[in-house]
Amino acid sequence: MKKTFPILGLLTAALLSYALYEAVVVAPREQTMGDVQRIFYYHVPSAWTAFLLFFINFVASVQYLVRRNPPADKIANWVVIAIGVLTCVGGYVIKPLPQGMYPSSVATTGLAIVGIYFLIRKYFSDQETDILALTTAEVGVVFCTVVLVTGPLWARPVWGIWWTWDVRLTSTLVLWLIYVSYLVLRRFSTSGQTPVLAAALAVFGALDVPLVYFSIWFFRTQHPQPVIGGGGSIDPRMLHVLLINWLAFLCFAFLVCWSRYRLERLQRDVEETLALEALLEPRSNVR
Amino acid sequence: MSAPAGITLVTLTKDIRLEWRSKDAINSMLFFALLVVVVFSFSFDPNAEESRLIAGGLIWVAFLFAAVVALNQTWARELRNQVLDAYRVSPAPANALFLAKAVGNFIFVAILEALMTPLFIMFYKLRALGPAWQLLPVAILGTWAIVVNGTFFAAMSLRTRSREIMLPLLLFPITLPALISLVEATTTILLGDPSTSAKFWIVLLATYDVVFTTGCLALFETVLHAE
């Protein structure tokens, strides 16, 4: 850790600056939007990173809850495997798929879900899944805030408005609200079992997201659609820059999560040791 | 009668009797909702046409806020004399208690709605242009959506500092889809535009109810014992 962390930090810094260079200089100028469009290389990777972190938070929370109850743990394993199989097969069987989805991408997503679930299950202990959930929620909220700030900055010159109650904007905002309330709950809880409460809330939030998406989707498609650059194809050079930026952002997010994770672990270790000491030598520890 | 149902019934009867004698929740909810109605009415002063457009939102925001008042008292009542601790150590199933509390809150909020709706109609000169009977399933499903999550999150915010603030903080983001469906369904019915129908929203509300009732029942025991 002592050696890897600075090396990784340097690598990430290099990658981030290279990605910035690519986004500002190398990427072609967008025809209609002009240079404003370059915010895209900042906005979209942040969004993907935030969603990934929230997803990891959800998985870690589920893990934390089901481990307290072995039968539920077994059921959860089979549910996850079923999801993996269904997405792999479903992508090739269901026709037509919604626009923008390919069988291979659906299958990859399904396998990623299974992979993340079982990796967390194997390599993180009880206490650690909770720390992971806390860390990813905190960092996810930061990235989600970046999305919500850069979004209006981009929208204003292009659409002429700061904000529209479009399905993607609104569901991102609701997601942000849910996770802020998650962090507030963790901060305000006086219970010794805050992790359980927080994990339950995370599961509720995950149940909520599809419903939010669906309700707003219907809510808005009933009304005239605002100008949104949906669909369409992307210049391969732009895609290249976008992916490099995403990689850089992922490295950055991983780095921040890692150090936060370590900090939280150390803090808990210290608290535990202090509590233990106080138990063993009740008189010598009057502070 | 099976044991869990019996426990639910006993707790429910106890809660209703308590409420009947003290009228704490109902009175504060009623007065609060009344204030919201009056304040909104003054600030917008709508005519019949305009009020049809905004009434759906106003009604449900008022009911949601008022429901929070009742929900906050649900579990706080059980903290006195360690009733909740006694419940934790008893072998009674946690979900029986949860259902009793949720149904109790549902009854209280339903009474509030029944009393406030005539006032709304009077103040805002409302008359539904669409099929008004559809408002009944909308109200029932919507109230349950608010109440089932509210009861759960009230139990969750029991162990937090400033719990009265905590409940709306947790409840409102999660309830947003239900609130959107409620408001849209009500507005659609009030406007009575033949090209649109409230059916989609009713189905969405029902889905929301099923999903979150299942979620609450699955997780309530864990939350109750998180001490």
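These legends go with a set of close-up views of a predicted model.

**View 1. Chain A and chain B as a pair in the predicted model.** Start with the global scores: ipTM comes out at 0.86 and pTM at 0.87. Chain A has eight helices and zero strands, so to speak a run of α-α-α-α-α-α-α-α when read along the sequence. Chain B also has eight helices and zero strands, and its pattern along the sequence reads α-α-α-α-α-α-α-α. For chain B, the radius of gyration is 18 Å, close to the 17 Å the globule rule gives for 227 residues, so chain B is as compact as a globular protein of that length. Taken along the principal axes, the C-alpha atoms of chain B fill a box of roughly 55 × 35 × 30 Å. For chain A the box is roughly 75 × 45 × 30 Å.

**View 2. Where chain A touches chain B.** Here 30 residues of chain A are in contact with 27 residues of chain B. On the chain A side, the elements that put in two or more residues are helix H6 (167–188) and helix H7 (194–221). H7(A) gives the most, with 16 residues. Sorted by class, this side of chain A has 20 nonpolar, nine polar and one charged residues.

**View 3. Confidence in the two chains.** Chain A averages a pLDDT of 84, and 91% of its residues score at least 70. In chain B the mean pLDDT is 87, with 99% of the residues at 70 or more. Within chain A, helix H2 (residues 40–66) has the highest confidence, at 91, while H7(A) has the lowest, at a mean of 83. Then there's the stretch over residues 222–231 of chain A, where the pLDDT is below 50. Beyond near neighbours in sequence, that stretch has seven contacts in the model.

**View 4. Helix H3 against helix H4 in chain A.** Helix H3 (residues 70–93) and helix H4 (residues 103–123) of chain A pack at an angle of about 170°, their axes 7 Å apart. Angles over 145 degrees count as roughly antiparallel, and H3(A) and H4(A) are therefore roughly antiparallel to each other. From H3(A), the residues in the contact are Val80(A), Ile81(A), Ile83(A), Gly84(A), Thr87(A), Cys88(A), Gly90(A), Gly91(A) and Tyr92(A). They meet Pro103(A), Val106(A), Ala107(A), Thr109(A), Gly110(A), Leu111(A), Ile113(A), Val114(A) and Tyr117(A) of H4(A). Class by class, the contact of H3(A) with H4(A) has twelve nonpolar, six polar and no charged residues.

**View 5. Helix H5 across helix H8 in chain A.** The axes of helix H5 (residues 126–159) and helix H8 (residues 236–280) of chain A come within 9 Å and cross at roughly 135°. That makes H5(A) oblique to H8(A). The crossing of H5(A) and H8(A) is right-handed. On the H5(A) side, look for Gln127(A), Ile131(A), Leu132(A), Leu134(A), Thr135(A), Thr136(A), Glu138(A), Val139(A) and Phe143(A). Their partners on H8(A) are Ala253(A), Val256(A), Cys257(A), Arg260(A), Tyr261(A), Glu264(A), Arg265(A) and Arg268(A). The class split for this contact of H5(A) with H8(A) is nine nonpolar, three polar and five charged residues.

**View 6. Helix H5 across helix H8 in chain B.** In chain B, helix H5 (residues 94–123) and helix H8 (residues 199–225) have axes that come within 9 Å and cross at roughly 110°. Angles of 65 to 115 degrees count as roughly perpendicular, and H5(B) and H8(B) are therefore roughly perpendicular to each other. H5(B) brings Ala94(B), Asn95(B) and Phe98(B) to the contact. H8(B) answers with Cys216(B), Leu217(B), Phe220(B), Glu221(B) and Leu224(B). Six of the residues in this contact of H5(B) with H8(B) are nonpolar, one is polar and one is charged.

Notes: Residues numbered from 1 in each chain as written. Chains lettered and ligands numbered in written order. Predicted model: local features only at pLDDT ≥ 70, side-chain atom pairs only at ≥ 80, totals over all residues. pLDDT = per-residue confidence, 0-100. Axes fitted to C-alpha atoms, helices over the stretch in contact; angles between N-to-C directions. Helix = DSSP H or I, 4+ residues; strand = E, 2+ residues; numbered from the N terminus. Parallel < 35°, antiparallel > 145°, perpendicular 65-115°, else oblique. Left-handed = near helix turned anticlockwise from the far one by under 90°. Contact = placed C-beta atoms within 7 Å. Nonpolar A, V, L, I, M, F, W, Y, C, P; charged D, E, K, R; others polar. Rg over C-alpha atoms; globule rule 2.2 N^0.38 Å.
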